[in-house]
Amino acid sequence: MVASIGNLALWLSLIFSILQIYVSKKGKLKVISVIVNGLLISSLGSFIILMYLHIVSDFSILNVFENSHTTKPLLYKISGVWGNHEGSMLLWILVLTIFNYFIFKLYNKNNSLLISKTLKVQSLITTGFIVFTIFTSNPFKKMIVEQENGLGFNPILQDPALAIHPPLLYIGYVGLSAAFSFSVATLNLNNKENIAWYTYMKPFVLVAWAFLTIGIAIGALWAYYELGWGGWWFWDPVENASFMPWLLATALLHSLIIVEKRKSLQAWVLLLALLAFLLSVIGTFLVRSGILTSVHTFALDPSRGIYILIFTAILGGYSLLLFGKKSKNYFDKNYFNFFSKEGSILINNILMTIVCATVFLGTVYPLIIEAFTNNKISVGEPYFNATVVPIMLPAILVMGVGPLLAWNRNKKSEILKKILPSVLLTGIMSLIIVSIYKSFSLIGTLGVILAFWIISNNIVILIKKRKNFSTGMLVSHLGVGFLILGITASSVWQEEKITKLKTNSSTEINRYSIFFKDINEVVGSNYVALKGNFVVYDKEKKIVTELTPENRYYPVTNIYTTEASIHSNIFRDLYIVLGTGNKSEGWVLKIYHNPLVIWIWIGAIVIFIGGTISIFKNLEKLKKI
Amino acid sequence: MQKKIPIFPLIVFFFILSVFFYLLIVDRNPSELPSNLINKNIPTFEAKSLISGKKFISTKEFKGETILVNFFATWCKPCRDEHDFLKKISDKKKVKIIGINYKDSSKKTVIWLKNLGNPYSDVLVDKKGRIAIEWGVYGIPETFVVNSNGIIKYRHVGAITGKIYKKISLIIDKNE
Amino acid sequence: MNRTNNFISKIIFIIFLSFVITQIPDISYSVEPDEILNNQNYELRARNISKNIRCVVCQNQSIDESNAPLAKDLRILIRNKIKEGRNDEEIYEFLTDRYGDFILLKPDINLNTFVLWFLPFCFLIFGIGIVIYHNKKSQ
């Protein structure tokens, strides 16, 4: 009964969405308003109903049966809604309609043409996704026979970070859909309407970018503490699928500044906006069609793959053809000096795009080879590290100095004067860090220098309180500095110890001594576990912390997991994973000393805060026009 | 030059999409690996025979006739599923099947074969899985068809099904 | 009624758990202590090789990170080969002869992968070209 209402709401949102395609262009404001609101409410309704079905464990519904279980804690019953393919599509649709609503909110007399065209494109996208959901992945499908209990839920995914990871990412992906719609609408304008399309596009790009950043970071954080390898990024296709739109969103948001200030690069920005969303959809396709295997693949179903592919072909074919025909209107003959703000943004854009293209190449290359030669090859972490890192280095170098430069041309002597304090600061800080870790690996030293290059440049700007600096930008850049510091130190100076240890004995890592007190069986809410108790002492024999790694067994799904135990401070993480063993021979332990890893997460949060500041600032700008 | 740029993204886009489309409609399993040993000589190896207890030297045995090599273990469920097909092949096709007993207890294997019937002309012991690595095996059961010149013509990963049985029969009959 | 039912099912659950905990099977966690070589140089080489070798069973993991039994076999095999005095190239060759190029996470440069390695470089040259072009035209 309730499920039927949910299904009805889903169909209703399809009707609203189709209506919006026809009405948005010529309809009366009141009619459009009813449709936009109706679309939002009906998609919200179907989403809430699915959530309700998960909470009450209604096992007459296939989706609930396959993904839930009565012993699951409430939080994970809720997050279980989007932890599977069908439910996540409902969330995707909901976010689409929320953005649709916000686009409509911008509607006024002056921009009616642009906004109505944007709404039309947005409703086309929404319709595509609703049709996909209803016909290939309907979450309200009923079971033939109602079951006593569900199949449960992969316990690896029962985690607070993973509970919020998908919604954050979807806000990112779907935010880019708004940029896509604005871009198509703008290309469809006849350039005579002198309308500030970029000012409307920018807040959406900022939202998408900020949420992609935090979403990716939370995914990485989850991998770090849950997978027990001491690492946090594996260049898996699923990770690449979110990283590529992020790279283009980064490029987009910087070049939008140039469009705003100098009205240059318009065609380029329009193309970037198209590509960023197309890449999000292609990423979804790669992950969900089963065309390639990955550590965390979603659903395997070729018919879904064909649908998304056709949908992508329509979206991309139409928009890129439109770009081919109309982009001439937006070409310009402005050229940028190397030593200028716009020059540095140009370099940023080029390098971000190259990195994105490289990641894309690495991700799809095995597929291309398979299609043409029937051979199978792998492109893994070593390839991406070898190609992406060297391209990123100059981008970071330029990023440090870019904000200091003025528009148009700068005198070289003046630039030197400006960067002198931060050069000194960078030198001092880098020397300190490198001497602490006494490791002179080239990439490590380079990474630390670049991190402090960014941090000190931003600090210098903050101290001098120059005018015309966007606080959001400064904060975000500072966050990137922290991020690079954390990435470099944790990957270059990681110490690892693999050993077998009996209870009542100890082992050393870095300057810590780790004492194995005992090991016990514990019973959790829906699992049982072996839990080791470890006491960590420092050189002065003082207790630093106690660590309790676990090996868990979830009987419902018959899955074993390891729960790493981590102690973090701003200098390092101590990370213990418990392996197999027994009383007489001892237990296998993996212990990591990961320097500065916390700065990755701090960096991501700081970037997000910076992004949020910019979002609000840009919304204010919108009110003025 | 500027005239050419606008359609370039479209071309790249459709190139990549057609690759995806081809891979979607073509019959393929993304997690299956093609063998690198097809049309190559069999790897040389020595092993103990579970049945006779004698030493088995690969270079002496693979000559003059088509031979199937089947990696199996009693702990692997799909191995039991394909067992009837193996018996069918040895009965109907009159080809030798050499079973390689992968990381298994010899005792259990003897009982297993007694209960289910023995399609193998010889069963070799691979306690540590080293022979399997020589053959590039990554998941048992795996079946290889070796022709009379000692060259590997076909490899199948996973249980033999009706469809695969027909494929294997065809290759045996052809005997290139 | 419902409450007692709940209570009973909980007890059954706990009994069930106490049964399963006694038979946790062999789960191994990537590189294990008994695999590690005493010679530090050898061990380092082995780790570096295993980081470049894909675990063919589990997809998208190197054998260095993987818990799969085959990954462990290959790790031990690599270490044995190093002890026998084989160099890295010979070991990679041994593995690709048997498992194909698929097993390399960092593909070799050959006819198939030429574009993969060459294209990013082309992108970069092209990008630098644009920047220089812009800089020249602006003056």
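Let me start with a detail in chain A: strands S9(A) and S10(A) form a hairpin, with 3 residues between them. Before I go further, please keep in mind that everything I describe today comes from a predicted model.

Staying with that hairpin, S9(A) and S10(A) run antiparallel and are joined by 9 bridges. If you would like one pair to look for on your screen, take Asp573(A), whose bridge partner in S10(A) is Asn594(A).

The hairpin belongs to a wider arrangement, an open sheet of 4 strands in chain A, in which the order is S1-S10-S9-S8 and the pairing is antiparallel. Which strands stand at the edges of this sheet? They are S1 and S8 of chain A, the latter covering residues 565–568, and because each has a single partner strand, one side of each is left without a neighbour in the sheet. On average, and with direction ignored, neighbouring strands of this sheet are turned by 15 degrees against each other.

On the other side of S10(A) we find S1(A), and these two strands also run antiparallel, with 7 bridges joining them. Two pairs help to locate this: Thr499(A) stands opposite Leu589(A) in S10(A), and Lys500(A) has Val588(A) as its bridge partner in S10(A). How much of S10(A) is buried? The strand is mostly covered, with 9 of its 10 residues counted as buried.

Now let us turn to how the chains meet, beginning with chains A and C, whose contact takes 47 residues from chain A and 41 residues from chain C. On the side of chain A, several elements give two or more residues to this contact, including strands S1, S9 and S10, which we have just been discussing, and also helices H12 (341–373) and H13 (381–401). Which element gives the largest share of that side? The answer is H12(A), from which 11 residues come. Sorted by class, the side of chain A that touches chain C has 27 nonpolar, 14 polar and 6 charged residues.

The contact of chain A with chain B takes 27 residues from chain A and 18 residues from chain B. If we sort the chain B side by class, we find 16 nonpolar residues, 2 polar ones and no charged ones.

Helix H12(A) appears again when we look at chain B, since its axis and that of helix H1(B), residues 8–25, come within 10 Å and cross at roughly 65 degrees. The crossing in which H12(A) passes H1(B) is left-handed. The residues that meet there are Val364(A), Leu367(A), Ile368(A), Glu370(A) and Ala371(A) from H12(A), and Ile16(B), Val19(B), Tyr22(B) and Leu23(B) from H1(B). By class, this helix contact has 8 nonpolar residues, no polar ones and 1 charged one.

Let me now take chain B as a whole, which has 6 helices and 7 strands, and whose elements, read from the N terminus on, run α-β-β-α-β-α-β-α-β-α-β-β-α. Why do we say that chain B is more spread out than a compact globule? Its radius of gyration is 21 Å, which is well over the 16 Å that the globule rule gives for 176 residues, and therefore we call chain B more spread out than a compact globule. Taken along the principal axes, the C-alpha atoms of chain B fill a box of roughly 80 × 30 × 30 Å. Buried residues make up 33% of the 176 residues in the chain. Among contacts in chain B between residues at least 6 apart in sequence, 72% join residues at least 24 apart.

I will finish with some local backbone details. In chain B, a cis peptide bond, with omega about 0 degrees, joins Ile140(B) and Pro141(B), and Pro141(B) lies in the loop between helix H5 (130–134) and strand S6 (142–146) of that chain.

In chain A, Trp235(A) has a phi near 55 degrees, a positive value in a residue other than glycine, and its place is in the loop between helices H8 (197–226) and H9 (237–262). Is Trp235(A) buried or exposed? It counts as buried, because it has 20 C-beta neighbours inside 10 Å, and 20 or more is what the term buried requires. Leu265(A), found in the loop between H9 and helix H10 (266–288) of chain A, also has a positive phi, near 60 degrees. With 25 C-beta neighbours inside 10 Å, Leu265(A) counts as buried.

Definitions and conventions: Residues numbered from 1 in each chain as written. Chains lettered and ligands numbered in written order. Predicted model: local features only at pLDDT ≥ 70, side-chain atom pairs only at ≥ 80, totals over all residues. Contact = placed C-beta atoms within 7 Å. Nonpolar A, V, L, I, M, F, W, Y, C, P; charged D, E, K, R; others polar. Axes fitted to C-alpha atoms, helices over the stretch in contact; angles between N-to-C directions. Left-handed = near helix turned anticlockwise from the far one by under 90°. Pairing = 2+ DSSP bridges. Buried ≥ 20, exposed ≤ 12 C-beta atoms within 10 Å, placed from the backbone. Rg over C-alpha atoms; globule rule 2.2 N^0.38 Å.
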